[in-house]
Amino acid sequence: THKLNLTVGIIPSLNVAAGLLGYFLVRTWTAALERFGIVSKPFTKQENTVIQTCVVACYGLAFSGGFGSYMLAMDQKTYELIGTDYPGNRAVDVKNPSLSWMIGFMFVVSFLGLFSLVALRKVMVIDYKLTYPSGTATAMLINSFHTTSGAELAEKQVSCLGKYLSISFIWNCFKWFFSGVGDSCGFDNFPSLGLAAFKNTFYFDFSPTYIGCGLICPHIVNCSTLLGAIISWGFLWPYISTKAGEWYPAGLGSNDFKGLYGYKVFISVSVILGDGIYNLIKIIYATIKEIMNARSKQGRLPLVRVEDDDETSNLSSEEKLLNDVFVKDSIPPWLAGSGYVGLAAISTATVPMMFPQLKWYLVLSAYVVAPLLAFCNSYGTGLTDWNLASTYGKIGLFIFASWVGQHGGVIAGLAACGVMMSIVSTAADLMQDFKTGYLTLSSPRSMFVSQLIGTALGCVIAPLTFWLYWTAFDIGNPDGMFKAPYAVIFREMSILGVEGFSALPQHCLAICSFFFFAAIAINLLRDVTPDSVSKFIPLPMAMAVPFYIGAYFAIDMFVGTVILFVWEKINRKESEDFSGAVASGLICGDGIWSVPSAILSIMRIDPPMCMYFKPSLA
């Protein structure tokens, strides 16, 4: 997750991989014990679910902890990258990462999301029957492992995952030997589509991670990223670069916000905000509509188990069993309420110590509003599988940055974004896991405890693994591998919240407005057209990412989608069974390689060769 966060900022759901790896590790362990004559209890699907829940809670904090976004946006490098003379970008608004405050901040803000919605689990899962696609897929996978035929398939999936993990790891090891010193060598800079295309970031960079993302993400996401890359790097940026000296001063550095770089960041921000705000309004509307329907049917919202003989008699025996197990182990509402209030009080007292710009009453006001936003986000995730935590975080960022103003508004906005994002994201993950637990007949109390343990682990593991990257690599270098694109975007948003639109380059506001409303219009079009048409309309959020980062990863993801498309045509059953395992293997192998790569970098051991391309002379 850190690797993806610090390179492109797109993170596919790894819930299924967590379920598969949990099964693989425990089965390997029990098989090894049996060889020594130690007979252990059979490994059950409930245990598999609890392991998966703990892992998801832990890795989720690598994303919601803001290590590639709001936390990194506070550092000295991002401040310098935007420009020390840039309006609103002040030296006082800098807080560099350190393990002590990062771990402390994670512990203070990460648990609130778990307590905010736990009382509503029956409403979300049983009454509303929300699908939570990732949670349902994980449950189906775990259920299938623990049947006779499913166990055979699971063994094949595990060996497939292991095979592609090894291939990915060995390929990365091979690539390293040619990657030289600096950022212009090796397969990561291979001009596979020619040198002219390479200058505009159109090249295939042989990355197993992005190909794996292409296999996991739906076709429409991959095609949308490629379309976004073609619009921005194929047409828009080359056109704006011809206006150098007219719209903005000529001869500026490639990362100067007064030039082309400013357009790249602000236009991608406007598309992300347009998409986020549309989806937010849509989900809030759907939520209110559903609640009104539930009220008119039942007279009130059930927060605890409701005995209704007529209703339960219509349920199938299987559904009755699922419901009974899910409501049997209750988590008392008083525990959830007092837990939230107690943690909010601790957080309100301690967060201003870490960030003096964010006063205690600002933190408190965030915690008053957060449960409502957490409910909207969990509901939206249940309907669409689209976790909008970062959108809610950005809205909080704007509000608090403008509220505090010029004296510390940038840091206050970023810290408030962290507070909001943590609650909203962990609440959605919790409900996703409750859906998995519901379908695997797992005790909700066990799931909740597992979430608490996973979150506690994540509060330590996520900062430590980030620290490995931070000390070993040049994080945040826009010309390097670990661009950390969202660090710059989040800091710019915070400055925009404080300064208003005066900071934008010429004509940038007009172009941004066009893309903002275009994102809303495209989303509206997706919702009003029939499914046969809407499935071909691109997703603005996916289109926005390459605007800033470049086209190379969109090409890799498109290669993944083409492989999956051909595979589906040749053998749909096999592609459904194994595409997730292949993708997880490619992503995990690449992720695991980053550990020895970081160690080599820390020890100052450079690759022996630099493979470099230049035009042949006449």
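D577 is buried in this predicted model, with a relative accessible area of 17%. The cut-off for that word is 20%, so a residue under it counts as buried. Its salt-bridge partner is K573, with 2.7 Å from N to O. K573 is exposed, at a relative accessible area of 53%. Both sit in helix α26, which covers residues 572-602. Because K573 and D577 are four residues apart in that helix, about one helical turn separates them.

**More salt bridges**

How many salt bridges does the structure hold? The count is five, and here are three of them, including the pair you just met.

| Salt bridge | N to O distance |
|---|---|
| K573 and D577 | 2.7 Å |
| D474 and K77 | 2.4 Å |
| K175 and D188 | 3.1 Å |

Take D474 and K77, whose side chains meet at 2.4 Å, N to O. This pair links distant parts of the chain, 397 residues apart. D474 is in the loop between α20 and α21, while K77 belongs to helix α4 (residues 76-82). D474 is partly exposed, with 42% relative accessibility, and K77 is partly exposed as well, at 32%.

Now for K175 and D188, where the closest N and O atoms are 3.1 Å apart. K175 lies in helix α9 and D188 in the loop between α9 and α10, so this bridge ties together parts 13 residues apart in sequence. Is K175 buried or exposed? K175 is buried, with a relative accessible area of just 8%. D188, on the other hand, is partly exposed at 28%.

Helix α9 (residues 148-176) also holds I167. Along the chain, I167 and G589 are 422 residues apart, yet their C-alpha atoms are separated by 7.5 Å. I167 is partly exposed, with a relative accessible area of 42%.

**How some helices pack**

Two packed helices are described by the angle between their axes and the distance between those axes. Let's try that on helix α5 (residues 99-109) and helix α16 (residues 333-354): their axes come within 10 Å and cross at roughly 155 degrees. Angles over 145 degrees count as roughly antiparallel, so that is how α5 and α16 run relative to each other. Their crossing is left-handed.

Helix α5 also meets α20, with axes that come within 9 Å and cross at roughly 150 degrees. That makes α5 roughly antiparallel to α20. Here the crossing is right-handed.

Next, look at helix α3 (residues 45-64) and helix α19 (residues 409-439), which pack at an angle of about 160 degrees with their axes 10 Å apart. This makes α3 roughly antiparallel to α19, and α3 passes α19 in a right-handed crossing.

**A nonpolar patch**

Back to α20, which spans residues 444-472. Which residues form the nonpolar patch on the surface? They are F107, V449, I453, L457, V460, I461 and L464, with about 540 Å² of accessible area together. Helix α20 supplies the largest share of the patch, six residues. One residue of that helix is L464, which is partly exposed at a relative accessible area of 43%.

**Two positive phi angles**

T201 has a phi near 65 degrees, a positive value in a residue other than glycine. You'll find T201 in the loop between α10 (195-199) and α11 (208-216). At 14% relative accessibility, T201 counts as buried.

H507 isn't a glycine either, but has a positive phi of about 65 degrees. H507 sits in the loop between α21 (485-499) and α22 (508-528). H507 is partly exposed, with a relative accessible area of 40%.

Terms used: Residues numbered from 1 in each chain as written. Predicted model: local features only at pLDDT ≥ 70, side-chain atom pairs only at ≥ 80, totals over all residues. Heavy atoms only, no water. Patch = residues over 30% accessible without salt bridge, like charges linked within 9 Å, V, L, I, M, F, W, Y side chains within 5 Å. Areas by Shrake-Rupley, 256 points an atom, 1.4 Å probe, with all protein chains shown as cover. Salt bridge = Lys/Arg side-chain N within 4 Å of Asp/Glu carboxyl O. Buried < 20%, exposed > 50% of the residue type's maximum accessible area, 1.4 Å probe, protein only. Axes fitted to C-alpha atoms, helices over the stretch in contact; angles between N-to-C directions. Parallel < 35°, antiparallel > 145°, perpendicular 65-115°, else oblique. Left-handed = near helix turned anticlockwise from the far one by under 90°.
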